[in-house]
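Here is a short note for a colleague who is new to this structure. Please read the points with the model open beside you.

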Amino acid sequence: MGVKKNAMSEEDSAIVEMKQQAEKVLSVRFGSAVRFDGGEDLGGSDRSYTYRYVVIDGPDEVPASAVVKKVRPWSDGKVYDPDVAENPAIGLLNDWAGLEFLNEVSEGISSTPQCYGGDREAGLFVMQDMGSPRRLDHILLGDDEEEAEQALIQLAISLGRMHASSIGKQALFKERREVLGPTKPYSLSWLRVRTRELEEMLDIGIGPEVNEQIDDCIAALETPGPFTAYVHDDPCPDKGLWMDGQIKLLNFESGAYRHALIDGTYGRILFPSCWCVNQIPGHIPLRMEDEYRNELVAGCPEAGDDARYRQAVAFACAKGAIGSWWPGQMERDNEWGIATYRQRVLLRYYLFARMTEEYGQLEALGRWVDLAGVKLREAWGEVEDMPYYPAFREGA
């Protein structure tokens, strides 16, 4: 009696299919059959697989290797459907559309991998293999202060160039994205909710002027006018590859047309969506912002107006700072990556309040956030100051 073999798991089956589907994508792209090796798992996420494949057979034009991203099977039994906006795979489709769009508008100087195409029904796309360079987070966690500063500045330059090249081309991106399926509506009404919750928790009133400035933030960020650009929306250190003295950007799962300064202030307000957050010496975010602005103004002349630009910085920083807090932090503090949640809140509140003083923008909101920070510190007791990134600790 023969031994019954175990059936292939759903995950194993998905990985086998991924290779076959990706081979078809490249075969269509380059006009002849392409075959891969067994592949290398690059880690991916809980939402998608990411594999590197070496090409073992194909036309001369095909690259030597490629990276493939494919939606994972969902543990809750939901089935991937590109026509439904409320599903975890929407980020993968955003990423695919963003890469195609940026390849098209960058005029040969794209700060992103090239996209070779994909399979919408399979939830998969194929992109250029960038090799195995160090990421920006690896540099910040290292010990080379000069290299870390230069890499942060290059991140700002890459973002500025990307934004400048995308301004005025929203219709093209919309066309690329809508072909792949629906997207979620964008709203920042949660900013109002978050400040109300904080007001009630700490018993600090929000006066008419603060209310008005919160409304101004929401309106400006939802309707950016000349600052409307394609943004990464999550340009954290682990999304940047350090290559030949430049930063190449990855993972556009949140990419969309938004206010450019949402990306442009990420260093100043300490990477609001990232696990890898420590302090940066104060002169570096200012250098990042200067270099970023120099690039942005090529596509957005309004960024050359000091008062208007500073106002835009304040609006974007308000989102990053206020979004750091939520009610659960009143009961507990948890570590996320290399800092705690409370450390993030207190430092971002402080940075935002000082910036509003310096820039003369959103000053009432800045004073209110500053007071909230004082009240939170009193409620939480001792919270250690957030350390500097390891690369900057010797000189801090």
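1. **Cysteines.** A disulfide is counted when two cysteine sulfur atoms lie within 2.5 Å. This model is predicted, and a search of the whole structure finds zero disulfides. Why does Cys317 have no bond to Cys217? The sulfur of Cys217 is the closest cysteine sulfur to that of Cys317, yet the two are 10 Å apart, which is too far for a bond. Cys317 is buried, at 1% relative accessibility. Cys115 is also buried, with a relative accessible area of 7%.

2. **The largest core.** In soluble globular proteins, nonpolar side chains tend to be buried together. Here the largest nonpolar core has 101 residues. Leu261, Phe271, Leu296, Phe352 and Leu365 have the most contacts inside it. Helix α10, residues 306-322, gives the largest share of this core, ten residues. Another core lies apart from it, with 19 residues. Tyr53, Ala122, Leu124 and Val126 are among them.

3. **Leu296.** Look next at one residue of the largest core. Which residues does Leu296 touch, leaving aside neighbours within four places in sequence? The contacts are Gly160, His163, Ala164, Ile167, Phe227, Ala260, Leu261, Ala303 and Tyr309.

4. **Helix α10.** The helix has 17 residues, and at 1.5 Å a residue it should span 24 Å. Its end C-alpha atoms are 24 Å apart, so the two values agree. α10 is mostly covered, with twelve of its 17 residues buried. The buried residues include Tyr309, Phe315, Cys317, Lys319 and Ile322.

5. **Tyr309 and Arg293.** Tyr309 belongs to helix α10. Is Tyr309 buried or exposed? Its relative accessibility is 3%, so Tyr309 counts as buried. Arg293 lies over the face of Tyr309, 4.5 Å from the ring centre. The two residues are 16 residues apart in sequence, and their C-alpha atoms are 8.8 Å apart in space. Not counting residues up to four places away in sequence, Tyr309 touches Phe227, Leu261, Glu289, Tyr292, Arg293, Leu296 and Ala303. A charge also sits over a ring at Phe30: the charged end of Arg29 is 5.6 Å from the ring centre.

6. **Aromatic pairs.** A pair of aromatic rings is described by the distance of the centres and the angle of the planes. A search of the whole structure finds 14 aromatic pairs. One of them joins Trp96 and Phe125. This pair is stacked, with 6.4 Å centre to centre and 20° between the planes. Trp96 lies in helix α2 (residues 90-105) and Phe125 in strand β6 (residues 124-128), so the pair ties together parts 29 residues apart in sequence. Both Trp96 and Phe125 are buried.

7. **A tilted pair and a cluster.** Phe173 and Tyr257 form a tilted aromatic pair, 5.9 Å centre to centre with 45° between the planes. Phe173 lies in helix α5 (residues 170-180) and Tyr257 in strand β10 (residues 256-259), so this pair ties together parts 84 residues apart in sequence. Phe173 and Tyr257 are buried. Both belong to one aromatic cluster with Phe101, Tyr230 and Phe252.

8. **Positive phi.** Most residues other than glycine have a negative phi. Two residues deserve a look here. Asp203 is not a glycine, yet its phi is positive, near 55°. Asp203 sits in the loop between α6 (190-202) and α7 (208-222). Asp203 is exposed, with a relative accessible area of 71%. Phe271 also has a positive phi, of about 45°, although it is not a glycine. Phe271 is found in the loop between α8 (261-264) and α9 (283-296). At 0% relative accessibility, Phe271 counts as buried.

9. **Helix α7.** This helix has 15 residues and reaches 21 Å from its first C-alpha to its last. That is close to the 21 Å expected at 1.5 Å a residue. The buried residues of α7 include Val210, Asn211, Gln213, Cys217 and Leu221. What covers the buried residues of α7? The cover includes α6, β10, α8, α10 and α12 (363-380).

Technical notes. Residues are numbered from 1 along each chain as its sequence is written. This is a predicted model: local features need pLDDT of at least 70, side-chain atom pairs count only at pLDDT 80 or more; totals for chains, interfaces and linings use all residues. Side-chain values use heavy atoms; hydrogens and water are left out. Rings of Phe, Tyr and Trp (its six-membered ring) pair if their centres lie within 6.5 Å; planes under 30 degrees apart count as stacked, over 60 as edge-to-face and the rest as tilted. Helices (H or I, at least four residues) and strands (E, at least two) are DSSP runs, numbered from the N terminus. Buried means under 20% relative accessible area, exposed over 50%, partly exposed in between (1.4 Å probe, protein chains only). A charge sits over a ring if NZ of Lys or CZ of Arg is within 6 Å of the ring centre and within 35 degrees of the ring normal. A nonpolar core is a set of buried Ala, Val, Leu, Ile, Met, Phe, Trp, Tyr and Cys residues joined through side-chain atoms within 4.5 Å. Contact means heavy atoms within 4.5 Å. The expected span of a helix is 1.5 Å times one less than its number of residues.
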